[in-house]
Amino acid sequence: MTTVPTTLEIIAAALFAIAVIHTFSTKFFERLAHAQPRHAGIWHLLGEVEAVFGFWAMVLVVVLAFHEGWHEAVAYLDGQDFTEPLFVFVIMVIAASRPILRFASWCVKINASLLPMPRQMAFYFVVLSLVPLLGSFITEPAAMTLAAFMLRDRFYAQGISNRLKYATIGVLFVNVSIGGTLTPYAAPPVLMVASKWNWDLAHMFIHFGWKAWLAVVVNALAATLLFAGELRKVAAPVQKDSDEPMPLAMVVLHLLFLAGVVLTAHHPKVFMGLFLFFLGIAQAYKRHHDRLILREGLMVAFFLAGLVALGGMQKWWLQEVLAGLSPVALYYGSTALTAITDNAALTYLGSLVDGVNDAYKYALVAGAVTGGGLTIIANAPNPAGFSILKGHFHDESVHPLGLFLAALPPTLVAIVAFQLL
């Protein structure tokens, strides 16, 4: 039976479509900022990718308030779950702290030293392979933050070519999206269905984990070998004055903060309390911390919160599309739809379809993680990586078409892994 959308649902779908188009059109607003300096502030705001969905979600709330009344608009927001935006904000800030980054960089160097490659090539390979796979244990947003910072400081800041910048961010986004599927609790699209469908560690490894591991390694190795000549020439980063020895106790304390937030990821009152305690420690021991990325984290959270608010009224058409597809068509349809919707929202809506078989479940989730690197909105951790790396691209912006084309080859590798193996 076809669902008849309400007027508000149609308006919400239109606003969602406008937000997606806006995401791909931010350079237009940046040009307006230069052409109309009197109103440059608002144009710069609309030119920030991280502000797009939050802005159009605000428009939706205004429409709801006028159409249904202010109390109904507030009730709609109260009915949405904003735990993920809060979690991503907290995990970004903690994972980007100097003690965590120092520890992660040390681990990467140790693993890179075991590989028969030049130092910079080995470091690059490990960051693009091991760190995304760690996302299955420390969560994908944390893995994205760690990898993006290490890539930024070790390669992007060294003036690498535009081709290498795009190829790297494309592989990073895809590998983080599929690399979180070794466990049932780290990848947002898996987390949305794991409990309902009783997917445990064994199920994830048998059906997803080993395929994801293979695809991640192939993608990282292909990028490393393709740009081997340039990677060999990249100079090692110059040691900073702030690179004084980090006390072991400080590293352990921050790892405990990180672990505490990961373990309480579904309990915002708990992990926000831990975060406030973390802020107190960072303030008390300034000499062991760089500037916390509070602004960047808040912008990413604003982006994701807007996506949640707008996505809450897309069920009427998304569920209709998903319910009418065969498993193979569903896999490719899910991969494509993920590029214009958040993959966690996609799997959640797909899980609401009644009477589905195991083939449907696999196709839905595998497709959602496969397409998670194609755009900035495809996977919740992507805005975090975008926010950290964008400053080293032309005009401080990652071109959507450039990202899509860069992510396409590693996405095809993921398709082979999840569909043909």
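Buried here means under 20% relative accessible area. Keep that cut-off handy, because it decides how the residues of the first stop are labelled. One caveat before you start clicking: this is a predicted model.

**Stop 1: helix α21.** Select residues 382-389, which make up α21. How many of its 8 residues are buried? The count is 8 of 8, so by that under-20% cut-off the helix is mostly covered. Colour them if you like: N382, P383, A384, G385, F386, S387, I388 and L389. Now bring up what sits over them. The cover includes α6 (83-95) and α9 (140-154), and also α10 (162-179) and α16 (294-311).

**Stop 2: G54 and G306.** Jump to α4, residues 52-68, and pick G54. Its relative accessibility is 6%, so G54 counts as buried. Add G306 to the selection and put a distance label between the C-alpha atoms: the model has 3.9 Å there, although the two glycines are 252 residues apart along the chain. Leaving out residues up to four places away in sequence, G54 touches F302 and G306.

**Stop 3: the largest nonpolar core.** Next, select F53, L172 and L310. Within the largest nonpolar core, which has 100 residues, these three touch the most other members. Centre on L310 and show its neighbours. Which residues does L310 touch, not counting those up to four places away in sequence? You should find L15, F16 and A19, then F53, W56, A57 and L60. There is also a second, separate core of 37 residues; L182, L346, L364 and A366 are among its members.

**Stop 4: R98.** Go to helix α7 (residues 98-113) and show the side chain of R98. Is R98 buried or exposed? With a relative accessibility of 8%, R98 is buried, because that value falls under the 20% cut-off. Two partners are worth displaying. One is the backbone oxygen of R287, which the R98 side chain reaches at 3.1 Å. The other is the side chain of D290, with a polar contact to the R98 side chain at 3.2 Å.

**Stop 5: a nonpolar patch on the surface.** Finish on the outside. Turn on the surface and select F205, I206, W210, W213, L214, V218 and L421; together they make a nonpolar patch of about 680 Å². Zoom in on L421, found in the segment after α22 (400-420). L421 has a relative accessible area of 47%, so the label is partly exposed.

Technical notes:
Residues numbered from 1 in each chain as written. Predicted model: local features only at pLDDT ≥ 70, side-chain atom pairs only at ≥ 80, totals over all residues. Heavy atoms only, no water. Core = buried A, V, L, I, M, F, W, Y, C linked by side-chain atoms within 4.5 Å. Buried < 20%, exposed > 50% of the residue type's maximum accessible area, 1.4 Å probe, protein only. Contact = heavy atoms within 4.5 Å. Helix = DSSP H or I, 4+ residues; strand = E, 2+ residues; numbered from the N terminus. Polar contact = N/O pair within 3.5 Å; in protein donor to acceptor, adjacent residues only side chain to side chain. Patch = residues over 30% accessible without salt bridge, like charges linked within 9 Å, V, L, I, M, F, W, Y side chains within 5 Å. Areas by Shrake-Rupley, 256 points an atom, 1.4 Å probe, with all protein chains shown as cover. Salt bridge = Lys/Arg side-chain N within 4 Å of Asp/Glu carboxyl O.
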